[in-house]
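Please open the model in a viewer and keep the selection panel at hand. The tour below proceeds stop by stop, naming what to select and then what is found there.

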Amino acid sequence: MVSPMAGGDPGDRVRVEALLENVADMIAIIDGTGTVIYASPAVRRVLGYEPGEIVGRPHPEMSPVESGDDPSTLMRRLYEMPGFTLAVRFESHHADGSLRIFQGIARNLLHVPAVAGIVVNATDVTEKLKVDQALRELVAVVESSADAVFSSDLGGVVSSWNRGAATLSGYPADEAIGAVLSFLFPPDLVGEADAILDLVRDGETVREHRTLWRRKGGSNVHVSWTASPVRNDRGIVSGMAVIARDVTESRQAAAALRHATLHDPLTRLPNRDLLMDRLRTALLQSQRRNKRVAVLIFDLDSFKDVNDSLGHAAGDLVLTEMATRLAGSVRVGDTVARFGGDELVIVRETADEEETSRFAARLLAAMIEPVEMDDGSELFVTACIGVAISRAGASAEDLVREADAALYRAKDHGRSAIEFFDEDLRLRARARVDLGASLRRALERGELFLVHQPVVQLGNVTLRGSEALIRWAHPDRGVVSPLDFIPLAEETGLIVPVGEWVLAEALRQISRWRRRFPLAGDYALAVNLSARQLSSPDLVAAVAGALATSEVPPSSVYLEITETTLLSQVASNLDTLRLLRDLGVHLTVDDFGTGYSSLSYLRQLPIDSLKIDRSFIDGLGVDSHDTAIVEAVIGLAKVLELDVVAEGVETRTQLQLLREMGCRTGQGFLFSEPLDTAEMERFLYAASVAAGRLTTVR
Ligand code: C2E
Ligand code: MG
Ligand code: MG
């Protein structure tokens, strides 16, 4: 075994051996035949062998790293030319069986007696080659990517530029590299590149930032950027890497989706959401331009009949045709929309009412043209239009509500009518709002009071009782009719406390009268209940409470519920009605005849009497139809063993006929109008004096 360090100072030798072991490179010396004559201690680490195991074995075959010249010539030269140095590569198996790749320098020192061999100084480059390979693959991937991938320094100067970037921007790599990034942006967006660079410089990654690029040639493209910092060996941010994607297509998909959610699928017109949006914008713009905005709501007359008689396909056809006509009659910038059902809406800027009126008339004329149906037949369709024109401070919602109110009135007038929301409608709408607010305070302020309309026995016209009817002494408007505020009280829920007050107040007065006037103990008190009261879970308890604190026997109390209310919520009402009856009170069906209830239905209800609606009494003896109905109701009541009260008796003829038909009880102006408490008390006094006989009736 020969060692290059044989001989010499043993201390030096140890020192050199230690050094050689600790250098990363492995050193071998081979003789002219390629046999290893020395291996440095590093082979232990690098190949897993003891140097002694290597010596004497053939060195793995080497090849030049640079393959410019003929490799075999180069190798021959290494062995033959003293001093010749060659960069070489070879492979060798590690003791663990893995194949390692080495790269290094081989130098011919055969002529140097102390060495007498070729010295090979090699490093294991297996991992490095893998990394290199991976990098090469990565570059290929980046290069072939459809995404734009590029990098820049922190000043925004482009340093790399892949093919995707070239395709997306239109600038080839040689034009882009070295240029400052701002060339990619339209002039007004140049600031964005700087803003992104600032963030990246601070070490932040900007993800999926959407912006616009100006392509070479001037066209724009929507892109999404992801920019991340590139750090140098010391971890300091030195540049920016960007991946940018063309998002034009996804923008188009998003736009299609947006279109679908904002448009009506049948007519392809904007839907309510989009219309409200446009209306808001139009209102803003009109303010600036000192113009006004008109909202026109169209409702096809008898559209339901078209659907019902000709089918939905025909209905769709008519609607689409009308939509097309409207869309064809407006200016650019106007919006035609479908609100659902057969309601089409137009929003447009207008000079004044006059102009809008002419426009609306023109549209009606366009709509009235016959529609050609699939089977060749022609259909004539008309429409009504409700119009509202903006005023200062009106919101989009206000305008649509107003146009709707106007449409409602137009439909009242019949076909092909145009109505504007005007001062009158506005005042009425306004009044309702005001009324609701002040009704709330009316109860507390004691502005509500009761009037009493006597109910009489028709046979001898004696007092049977009275119906309590509510009134409101409004501080500004005078006495307000219940027809004007009961519906409002219903809507707001105020009817519940109001109704409780009516019952308690009525019971209180009757108690007093029972004490003061020697009337029969079966004086009948009628009190009205409305729908909302009936569905209130507290009703039964409230009635029971009111009865408990008064001296009036429950059997004297008649609660009146209109037929329509009863019909609208039969099932849920039934329990309440039974519970009320269990309290001992009587139940009357008010306004009977207007709701068309059936006999079998009436039989199920725990009711005691029917109050025939005024409208039928009105026609008694005049209208044969009404007369027949009254007669039938009286007959029906007899069969069902119910009492009958005729309401709104105004003439002696009516009284006479009712008597003949066997109706025993009635109420109406013929006997007395509703009386306030003082009047009612005078009335009661007189009636008592006359032993119940009402002297006012001739
Ligand atoms: P209703 O219960 O059917 O009351 C009868 C209505 O007809 C009363 O109008 C009465 O004044 C009127 N009337 C009576 N006789 C005649 C007549 O011969 N000719 C004409 N033309 N009218 C007559 P009023 O007081 O305006 O009440 C209207 C409605 O308001 C009532 O109809 C009732 O549904 C409701 N209402 C009144 N007071 C109350 C109440 O305290 N609570 C509830 N929930 N509703 C009430
Ligand atoms: Mg009534
Ligand atoms: Mg009635």
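**The largest pocket**

The model is a predicted one, and the tour begins at its largest pocket, whose lining comprises 14 nonpolar, 11 polar and 10 charged residues. Select Leu469, Pro482, Leu483, Asn528 and Asp590: of the 35 residues that line the largest pocket, these lie nearest its centre. Next, colour E20, H16, helix H17 (495-516), E22, helix H18 (531-535), E23 and strand E24 (586-592), the elements that give two or more residues to this lining. The space within the largest pocket amounts to about 1,000 Å³.

**The first magnesium ion**

Now select the magnesium ion (ligand 2). Which protein residues serve as its donors? They are Glu467 (OE), Asn528 (OD1), Glu560 (OE) and Asp590 (OD), at 2.0 to 2.3 Å from the ion. Two of these donors merit a separate look: Glu467 belongs to strand E20 (residues 462-474) and Asn528 to strand E22 (residues 524-529), so the pair ties together parts that are 61 residues apart in sequence. Along the sequence, the donor residues of the magnesium ion (ligand 2) follow the spacing E-x60-N-x31-E-x29-D.

Display the accessible surface of the protein at this site. Glu467 is buried, at a relative accessible area of 3%, whereas Asn528 is partly exposed, at 26% relative accessibility.

**The second magnesium ion**

Keep Asp590 selected and add the magnesium ion (ligand 3). Asp590 coordinates both this ion and the magnesium ion (ligand 2), and the two ions are 4.3 Å apart. The donors of the magnesium ion (ligand 3) are Asp590 (OD), Asp591 (OD), Glu647 (OE) and Glu647 (OE), at 2.0 to 2.6 Å. Their spacing in sequence reads D-D-x55-E.

Are Asp590 and Asp591 buried or partly exposed? Asp590 is buried, with 5% relative accessibility, while Asp591 is partly exposed, with a relative accessible area of 24%.

**The cavity**

Hide the ions for the next stop. The structure holds one cavity of 30 Å³ or more, and about 160 Å³ of space lies in the largest cavity. To find this cavity, select Val455, Ala524, Tyr558, Val645 and Thr665, which lie nearest its centre among the 14 residues of its lining. At least two lining residues come from each of E20, E22, strand E23 (557-562), strand E25 (609-612), strand E26 (643-647) and strand E27 (665-667). By class, the lining of the largest cavity has five nonpolar, five polar and four charged residues.

**Helix H19**

Select helix H19 (residues 539-548) and orient the view along its axis. Which of its residues are buried? They are Leu539, Val540, Val543, Ala546 and Leu547. Viewed down the axis, the buried residues of H19 fall within an arc of 130 degrees, so they line one face of the helix. Turn to the face of H19 directed away from this buried side, where the exposed residues Ala541 and Ala548 are found.

**Aromatic pairs**

The whole structure contains nine aromatic pairs. Begin with Phe150 and Trp225: the ring centres are 5.9 Å apart and the planes stand at 90 degrees, so the pair is edge-to-face. Phe150 is in strand E7 (residues 148-153) and Trp225 in strand E10 (residues 220-231), so that the pair links distant parts of the chain, 75 residues apart. Both Phe150 and Trp225 are buried.

Next, select Trp472 and Phe485. Here the ring centres lie 5.5 Å apart with the planes at 80 degrees, so this pair too is edge-to-face. Trp472 is part of strand E20 and Phe485 of helix H16 (residues 482-492), so the pair ties together parts that are 13 residues apart in sequence. Trp472 is buried, at 0% relative accessibility, and Phe485 is buried as well, at 0%.

To see a wider group, select Phe150, Trp161, Tyr171, Phe183, Phe185, Trp213 and Trp225, which ring pairs link into a cluster.

**A final distance**

The last stop is Ser238, in strand E11 (residues 237-246). Ser238 is partly exposed, at 34% relative accessibility. Draw a line from the C-alpha of Ser238 to that of Met276: the two residues are 38 residues apart in sequence and 51 Å apart in space.

Technical notes:
Residues are numbered from 1 along each chain as its sequence is written. Chains are lettered from A and ligands numbered from 1 in the order in which they are written. This is a predicted model: local features need pLDDT of at least 70, side-chain atom pairs count only at pLDDT 80 or more; totals for chains, interfaces and linings use all residues. Side-chain values use heavy atoms; hydrogens and water are left out. Donors are N, O and S atoms within 2.8 Å of the metal (3.2 Å for Na, K and Ca); water is not among the atoms, so sites may look incomplete. Helices (H or I, at least four residues) and strands (E, at least two) are DSSP runs, numbered from the N terminus. Buried means under 20% relative accessible area, exposed over 50%, partly exposed in between (1.4 Å probe, protein chains only). The arc is that of the directions from the helix axis to the C-beta atoms. On a 1 Å grid over the protein atoms alone, a cavity is a set of points where a 1.4 Å probe fits but cannot get out, and a pocket is an open set with protein on both sides within 12 Å along at least five of seven lines; lining residues have an atom within 4 Å of a point. Grid points are joined across faces, edges and corners, and a volume is the space filled by probe spheres set on the points. Ala, Val, Leu, Ile, Met, Phe, Trp, Tyr, Cys and Pro count as nonpolar, Asp, Glu, Lys and Arg as charged, and the others, Gly among them, as polar. Rings of Phe, Tyr and Trp (its six-membered ring) pair if their centres lie within 6.5 Å; planes under 30 degrees apart count as stacked, over 60 as edge-to-face and the rest as tilted.
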